[in-house]
Amino acid sequence: MDFLEKQFKLKEHGTDVKTEILAGITTFATMAYVLATVPSMMGAAGFSKAAVLTMVIILCAVTSTAMGLVTNRPFVLGPGLGSVGVYAITMIVGEEMSPAVASGVIFWEGILFVIISFVGLRDLIVKLIPLSIKISISAGIGLFISLLGFKNAGIIVANAKKNVLGFGDLTSPAAILAVIGLVILLVLEIRKVNGGVILAIILTTIIGIPLGVTKIPTTIFAAPGSVAEMAFNIDIIGALNIKYIPFLFALFIPDFFSTFGTVIGVGAKAGLLDKDGNLPGIEKCFYVDSISTVLGSFFCMPCMTTYLESASGVEAGGKTGLTSISTSVVFLLMFLITPLALMIPAAATAPTLMLIGVKMLSGMRNINYDDATECIPAFLSVALTIFTFNVANGISAAIIVYVILKLASGRSKEVPAAMYPFAAILCYYFYTLTI
């Protein structure tokens with residue numbers, strides 16, 4: 001106990017070991033859905049779900065422990081669902097990019113994040129990207145993930161005859177199960193039940209047994225899945241292609257601003273901010289977060305990012321890094337029952353993906369819809385992300401149109417100088433799509 005007190009300064013933060021451990025368990029309960037959703041999403045790109053699950057557990061435990069020890073803050077990390085969608089569905093499935101090259105893009109995104117974090121360019125980046133585009137990127141990715149959820153459940157499918165999206169077979173067991181799961185999740189959300197997401201997934205998985213959607217494993221205990229297909233499957237040089245820049249941007253912006261918003265928001269909830277609203281030692285959070293993304297790239301794991309679910313642990317009283325480490329321990333315990341995690345069908349995790357869009361759309365209310373130079377680029381970012389099923393297309397078009405509209409309206413002073421060459425590069429990206 002003396003070691004824990006010395007390491008985490010529990011009394012100084014007004015907490016104790018029991019409170020921190022319970023807070024860590026609470027955080028795990030609210031983010032445990034990653035054990036089901038990430039393998040399901042990555043499985044669509046051809047990865048073994050068992051391998052992905054093993055990698056998720058290891059990286060969540062290692063990076064969250066690092067965050068706890070280095071920063072002494074109650075923040076935990078996991079694969080960002082937005083980056084998982086971009087990596088698996090857009091890059092590998094949509095663009096037919098090899099997992100190695102896609103991992104290389106993740107690597108360079110992480111390196112960019114590391115440089116910005118260690119050189120101290122955080123404030124510059126925050127000011128460079130217009131607020132409307134920052135908001136629209138998150139909103140676009142949120143809807144992208146929601147569409148993925150409907151697609152995984154078989155509720156929304158491609159209608160080849162009409163060349164549009166339409167309803168699938170709503171009478172199929174998977175679709176029925178997904179709808180039941182969505183109702184359960186919505187009820188738990190409205191009732192603000194702690195751990196409602198993972199509880200909804202568990203209940204939906206159980207209901208899926210008589211429907212024939214959930215396959216009961218032959219054993220509860222099993223050795224972790226082999227990660228041979230994921231370990232060091234990376235092509236760093238092959239990722240150095242100008243046509244991948246939009247994907248780099250699509251991964252970096254949500255990763256960077258998600259981390260920034262989460263540490264400030266959760267820090268405020270924990271009473272860790274100073275009188276000026278700043279989080280002391282915030283640079284250490286960025287160090288761990290950025291290096292974690294680089295680490296994850298070597299194991300085919302998209303951007304490791306600080307999770308907003310850390311707030312649930314704070315709500316339970318967590319104030320130090322001991323909360324993060326407690327969460328890591330629970331993640332490692334999942335190795336004992338991996339077959340139970342793998343039995344969760346895509347239809348059970350689909351409702352969680354569907355609901356993410358609602359949460360990530362909330363920022364759109366902060367866009368100035370009376371200013372066409374702000375709302376039109378934001379609209380294009382969201383619309384083209386969904387209509388082309390490609391996050392990079394939406395972001396690229398938004399930035400190009402933003403620059404054009406500001407120049408056309410005589411408001412060039414509102415455009416940061418660095419945006420001009422970047423917009424030119426993105427124009428070339430669209431050119432590459434035509435040849």
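**Exercise 1. Determine how far apart the mean positions of the positive and negative charges lie.**

Solution. In this predicted model, count Lys and Arg as positive and Asp and Glu as negative, leaving out His and the chain ends. Place each charge at NZ of Lys, CZ of Arg, CG of Asp or CD of Glu. The protein then has 25 positive and 24 negative charges, and their mean positions are 4 Å apart. Residues are numbered from 1 along each chain as its sequence is written.

**Exercise 2. Compare the span of helix H9 with the expected value.**

Solution. Helices are DSSP runs of H or I with at least four residues, numbered from the N terminus. The expected span is 1.5 Å times one less than the number of residues. For the 18 residues of H9 (residues 173-190), this gives 26 Å. The end C-alpha atoms of H9 are 26 Å apart, which agrees. Just after H9, Lys-192 takes a positive phi of about 55°.

**Exercise 3. Identify the buried residues of H9 and the helices against which they pack.**

Solution. Select residues with under 20% relative accessible area (1.4 Å probe, protein chains only), the cut-off for buried. In H9 these include Ala-175, Leu-177, Gly-181 and Leu-188. Next, search for contacts, that is, heavy atoms within 4.5 Å. The buried residues of H9 pack against helix H10 (196-211) and helix H16 (346-361).

**Exercise 4. Compare the span of helix H6 with the expected value.**

Solution. Apply the rule of Exercise 2. The 21 residues of H6 (residues 99-119) should span 30 Å, and the end C-alpha atoms of H6 are 30 Å apart, which agrees. Just after H6, Gly-120 takes a positive phi of about 90°.

Methods
Predicted model: local features only at pLDDT ≥ 70, side-chain atom pairs only at ≥ 80, totals over all residues. Heavy atoms only, no water. Helix = DSSP H or I, 4+ residues; strand = E, 2+ residues; numbered from the N terminus. Buried < 20%, exposed > 50% of the residue type's maximum accessible area, 1.4 Å probe, protein only.
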